[in-house]
Amino acid sequence: MANGSHDDNQHDNQPDNRNEGPDDERQTGLNQGLVNYGDAGFSLFLRKAFIKGAGYSDDALNRTIVGIVNTGSGYNPCHGNAPQLIEAVKRGVMLEGGLPIEFPTISIAESFSTPTSMYLRNLMSMDTEEMIRAQPMDSVVLIGGCDKTVPAQLMGAASANLPMLELVTGAMLTSGHRGVRVGACTDCRRYWGMYRGQEIDDQEIEEVNAKLVGSVGTCSVMGTASTMACISEALGIALPGSASPPAVTADRMRVAEATGRQAVINARAGVTPDKILTEKAFENALRVLLAIGGSTNGIIHLTAIAGRMGIDIDLAAFDRMSRETPVLVDLKPSGQHYMEDLHRAGGLPTVLRELKPLLHLDAMTVTGRTLGEEIDAVPAFEQQVVHRFDSPLYHAGGIAFVRGNLAPDGAIIKQSAADARLMEHEGRAVVFEDAEDMAARIDDPELDVTGEDVLVLKRIGPVGAPGMPEAGYLPIPRKLARQGVRDMLRISDGRMSGTAAGSIVLHVTPEAALGGPLALVENGDRIRLSVSERRLELLVDDEELARRREGWRPVALTAERGYRKLFLEQITQADQGCDFTFLRPPNIQRRVPK
Ligand code: FES
């Protein structure tokens, strides 16, 4: 077993504790975090008067209070079951003798957030952290699901350091189109690619549009939402077995009820996130990210969450971990199944059982039991979705970390969802200066491009776009798509959806907008990728690159006011999780994986 010998609770970067202040020391329930009127007795008197106006009794108000973060929104179908989940959590809280109080925060849905949901993730983390701090509660249940919501909640709640449990909304159901099983969003991209390639017509693309999303809930494949659900469970901050139940099932509601119960127990026991989100927990989560063929976004989010706990993710060490961690889960986009199939196969505990030799089994979870104890408590059975450790789907981990003169601080590629032929490739660069340039020219019949070329897209990084949109999944130029080209090597400083597949190098750091070498690439340059050597090279000599750098002029990246100004001034690069500088602890001294 890969257990370290350090004491995870001894470190210099403990997050702030909301109960540290002299005024509310050892206070619980409604008595904590009083409004500052200069008279604590009056503050409590006034607070109780108002909440009694909502019909609460003194008996109710003297209970352990569990806050429930309601991220239900008409703009967020991925959270469409939030009302039912809240009812179930409340039931659990009351069964355990506590008082549930729900409250709203920002809700972010992928397809309803311009310019990109990533632009809003840190804002949601600030909202989550500050509303947990500001309102009286003894623990909190965070209901999240759609891609950026779970990372935002874990970042914010980790910083607030109040006892917490993550509760994901769960995956949507799959549906069917003309006899073929379909689910968002890998199949959305597949059908759109077929439409661009003229394999299906206007009528069929309209028809399948109504079939791809079978119910409320998060995307039905191993996209970012499913990845973050599995990571939450692997971190031990969500209940065992809670990642996989689909959104509209009885199992999902029972998980919600159990989460409410556990939130009361953990409030009384003082199980704060710093006791769970340890170095061992993050190493376990990184293993799981690799073994599930998880989203490339998972590495950015884990880096941001770990950063809040004073822990850096060492991407070179993560790559070494990747070489010895096989992909076990046969889900789209790396494989063939859907999240509901993983649930029927036993969910994440089935994966964890196979990974046991590589995990820190003594890592503590929110149940008060260790990860190893939780794995052993679940019976094993024959199933077809999770491969055995000795006969994996892929022998190496799903994500590879590459470096070279084109990406001095690194880039990543999801090799498990790529064309193996292109993992060792040299080709001619076809360059797009930004997303608008790409949109204007990618389908131009006159575009000088072949299937062996390398598509390069600049200025979609954290600052450049801004917000690092999921535009790294460059479409295959239409004229090539019509010739049957289905994959090409593509490189950018942006991200791609976890539901997407292809030979796509992402997160090139430093980004082009800040003058990273990506900014210097010109049409016709040769680019070489070797995943086996973990190299990404621009085959242009140093003298020529120096000449180009002299002529490079940055585009002014400013905003006069508001969140955009804050974002542009504070956003960090991908290797620091794209968190805001001022939200990370000042001294980050620990690194994982070891
Ligand atoms: Fe919300 Fe995929 S769009 S989880």
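For the charge count used below, Lys and Arg are taken as positive and Asp and Glu as negative, while His and the chain ends are left out. Keep in mind that you're looking at a predicted model.

**Exercise 1. Work out how many side chains of each charge the chain has, and how far apart the centres of the two sets lie.**

Start with the Lys and Arg side chains, which are the positive ones: there are 61. Next take the negative set, which holds 79 side chains. Finally, compare the centres of the two sets: they sit 2 Å apart.

**Exercise 2. Find out whether the radius of gyration of the chain agrees with that of a compact globule.**

First, get the expected value: for 594 residues, a compact globule would come out near 25 Å. Then look at the chain itself, which has 24 Å. The two agree, so the chain fits the compact globule rule. For a feel of the dimensions, the C-alpha trace spans about 75 × 55 × 50 Å along its principal axes. Within the chain, 60% of the 594 residues count as buried. As for what builds it, you can pick out 20 helices and 16 strands.

**Exercise 3. Decide which residues of helix α15 are buried, and what covers them.**

Locate the helix at residues 348–355. Of its 8 residues, 7 are buried, so to speak of α15 as mostly covered is fair. The buried ones are L348, P349, T350, V351, L352, E354 and L355. Now look at their surroundings: the cover includes α8 (224–235), α11 (279–291), α14 (339–344) and α16 (371–376).

**Exercise 4. Establish whether I491 is buried or exposed, and list what it touches.**

Begin with its place in the fold: I491 belongs to strand β12, residues 489–492. The cut-off for buried is under 20% relative accessible area. I491 has 0% relative accessibility, and therefore counts as buried. Leaving aside residues up to four places away in sequence, I491 touches L406, V454, L455, V456, L457, V505, V508, L518, I527 and L536. For M364, 127 residues away along the chain, the C-alpha separation from I491 is 39 Å.

**Exercise 5. Check what pLDDT the chain averages, and what the value is over residues 1–24.**

Take the whole chain first: the average pLDDT is 93, and 96% of the residues score at least 70. Then turn to residues 1–24, where the pLDDT is below 50. Even there, the model shows 63 contacts for this stretch beyond near neighbours in sequence.

Methods:
Residues numbered from 1 in each chain as written. Predicted model: local features only at pLDDT ≥ 70, side-chain atom pairs only at ≥ 80, totals over all residues. Heavy atoms only, no water. Helix = DSSP H or I, 4+ residues; strand = E, 2+ residues; numbered from the N terminus. Rg over C-alpha atoms; globule rule 2.2 N^0.38 Å. Buried < 20%, exposed > 50% of the residue type's maximum accessible area, 1.4 Å probe, protein only. Charge placed at Lys NZ, Arg CZ, Asp CG, Glu CD. Contact = heavy atoms within 4.5 Å. pLDDT = per-residue confidence, 0-100.
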